[in-house]
Amino acid sequence: MSKLNIKNLIKSFPSMDRPAVNNVNLDIQSGELVAFLGPSGCGKTTILKMITGLFQPDNGDIILDEQSLLKTPTEKRGVVMVFQNYLLFPYMNVNENVGFALKMKGVDKNIIEEKVKEMLELVKLPDIGLRKPKQLSGGQQQRVALARALISNPRILLLDEPLSNLDAHLRDEMRDLIVTIQQKLKVTTIFVTHDQEEAVLLADKIALIFDGELQNFTSPKNYYEKPKNTKAAKFFGGVNFINAKKINNDLVTDIGTVNYKGENYIDLNEDNIITIRPENIKLSKNNDFKDNSFKGLIKSVIFSGTHTRYKVIVKSLELECSLQSVGLQDINEDDDIYVHLPSDKIWAMNE
Amino acid sequence: MGGERLKIILSLTPPLLIIFTLFFGGIFYGFLQSLGYQPAIGKYEINFSAYYNVMFSERYAKLFWTGLGLNLWVSFASTFLAAVFALFGALAIRKTFFAKTICNFIYSLNLPMPHLVVAVGIIFVFSQSGLLARLASQIGLIGSPGDFPVLVKDKYGLGIILAYIWKEAAFFFIILMSVLQSLGENFEELAQSLGANRWQRFRYVILPLVMPNLFSASIIVFAFSFGAYEVPALLGVIYPQMLPVMAFEFFLNPDLNARSEGMALSIIIAIIVMILVVFYFWLTQAKIRKD
């Protein structure tokens, strides 16, 4: 179990007009499972490679258990990376692949054999030791790569897009396996992904990165309920954004004054944006709500199985609302409607 | 379906006919001559006496076996050293900006250069009257150019080996650069993160990954240097003599009866090379079956 601190990390490449990683700060606690989330080319893998020592940062520091890693060569950091395309050595069988790290350390053959067996059992592949990588399915190769990474008991485990090459069924299986193993071994783990669903399902915390800059580092739940900015909110499926001015103790928006209960009220600037998730908006033909209720007009109704999505126009602003289809009122296009934004579900942001 | 097959056979027939006539026709006629069949000088009987003569007769046996030894030594040493130089060269520069430029330069300059020109270059540089000997003498490393070690026209075939290294290292280099660039650095980075130091990454990652291509190229280079004539003819000594030079001298002998010995030697060289090629295919197939 190791604690990792990333301080003011900067990395540029000559071919790029902006830094690939720009002033990233992160504190990752022992045993945490953290996701680096962001679109392709945003700098996630570059940070991973700096943690392993494969890239040297231009500036900043990487501190593992209170000691800077910058002068420690990759092979001595105890930071093991599982690559996106598994990279099993094609000329070695599974046993040899899994035992590679221990062989490099000069560990006794019999101990390697025992540990390999233990690791293959851990990834639920006890009987494939003598097979060559090309005799394995994608899912099996991924498990073997994971076993190979774990055998040396790494201080930090890095997974680069661990599920991206697997089909949907194998993804679920592998996701469960990663969580189970991570919880069992308590190894501090960072994985890179561009899939927000994957990040939410796996991670304790998500570091959202855009254009080399860390946007937010918090729990998956907070990304949905309390995003730091509109970029983060949009990446997690946020669609409703309303300009709001902080006047005295109220938030005055384009659709009217909003009663706001967010704990960040004192930190808000004069100009803000409020957001609310479509599933938290309530609709009613009668004005059944005490506050934050605004009159609107149904623009469209889209039935999508368990939920029905509505687009509502409120004072020329379009809001999207998603209600459970079961027990729904009869609401149709062009109906007049009251839209309720529950004050405890609204979140205001400075940018 | 049948028409399609016929079309393929008909289109392939002309080139195959030329290849079969020239290649197998030549080999067959050479083989007949090696068996003593030379109608031009009235010899029609067929026997293995030419083979016996070159390998076991008192006159030629010593020449043949020392020649064969020299052939094996030169081919093995030049192939091995060219491969080693090329491997370390490719590893040293593959990550640099100049790698591609150097690769293109070697490809465009060294590969099309005839072996004969390289052999002459070796004489100019490495002989006792060559550039290095004069330079060493000028800066006082040796008393006179004549004190320079005999590297060309020596009994160990050092000049021949140097020429082959010069020429074939470029061939190995091109192959290795393309393999290394297609492999990328991910395997090494992975091994490094798993705790492998520089030597271990070379021994357990790079070498096994490039070995199949290196081995295939080595077979080609070995077979070529084993059967080539011009470099040993220019840079070799009268004794011991490499087998292709010996074969050609038999062939040029005014006594036409000696042609059978020359052809027998050529066929022996061809058989040894073929054994190598068959061995290589057997190894490859065995590896495929094992995998």
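By a helix I mean a DSSP run of H or I that is at least four residues long, numbered from the N terminus, and that term is needed for the pocket I will begin with. Please keep in mind that what we are looking at is a predicted model.

The second largest pocket has a volume of about 580 Å³. Among the 22 residues that line this pocket, those closest to its centre are Asn95(A), Glu96(A), Gly99(A), Lys103(A) and Ile112(A). Two or more lining residues come from each of helix H2 (94-98), helix H3 (100-104) and H4 of chain A, and also from helix H9 (198-227) of chain B. Which element gives the largest share of the lining? That is H4(A), with six residues. Sorted by class, the lining holds 12 nonpolar, three polar and seven charged residues.

Let me turn to the backbone, where, as a general rule, most residues other than glycine have a negative phi, and most peptide bonds are trans.

Lys124(A), in the loop between helix H4 (109-122) and helix H5 (138-150) of chain A, has a positive phi, near 60°. Glu161(A), in the loop between strand S7 (156-160) and helix H6 (168-185) of chain A, also has a positive phi, of about 45°. Is each of them buried or exposed? Lys124(A) has 56% relative accessibility, and because the cut-off for exposed is over 50%, Lys124(A) counts as exposed. Glu161(A) has 8%, so Glu161(A) counts as buried, the cut-off there being under 20%.

Finally, in chain B, the peptide bond between Tyr239(B) and Pro240(B) is cis, with omega about -5°, and Pro240(B) is found in the loop between helix H10 (230-235) and helix H11 (243-252).

Key:
Residues are numbered from 1 along each chain as its sequence is written. Chains are lettered from A and ligands numbered from 1 in the order in which they are written. This is a predicted model: local features need pLDDT of at least 70, side-chain atom pairs count only at pLDDT 80 or more; totals for chains, interfaces and linings use all residues. Side-chain values use heavy atoms; hydrogens and water are left out. Buried means under 20% relative accessible area, exposed over 50%, partly exposed in between (1.4 Å probe, protein chains only). On a 1 Å grid over the protein atoms alone, a cavity is a set of points where a 1.4 Å probe fits but cannot get out, and a pocket is an open set with protein on both sides within 12 Å along at least five of seven lines; lining residues have an atom within 4 Å of a point. Grid points are joined across faces, edges and corners, and a volume is the space filled by probe spheres set on the points. Ala, Val, Leu, Ile, Met, Phe, Trp, Tyr, Cys and Pro count as nonpolar, Asp, Glu, Lys and Arg as charged, and the others, Gly among them, as polar.
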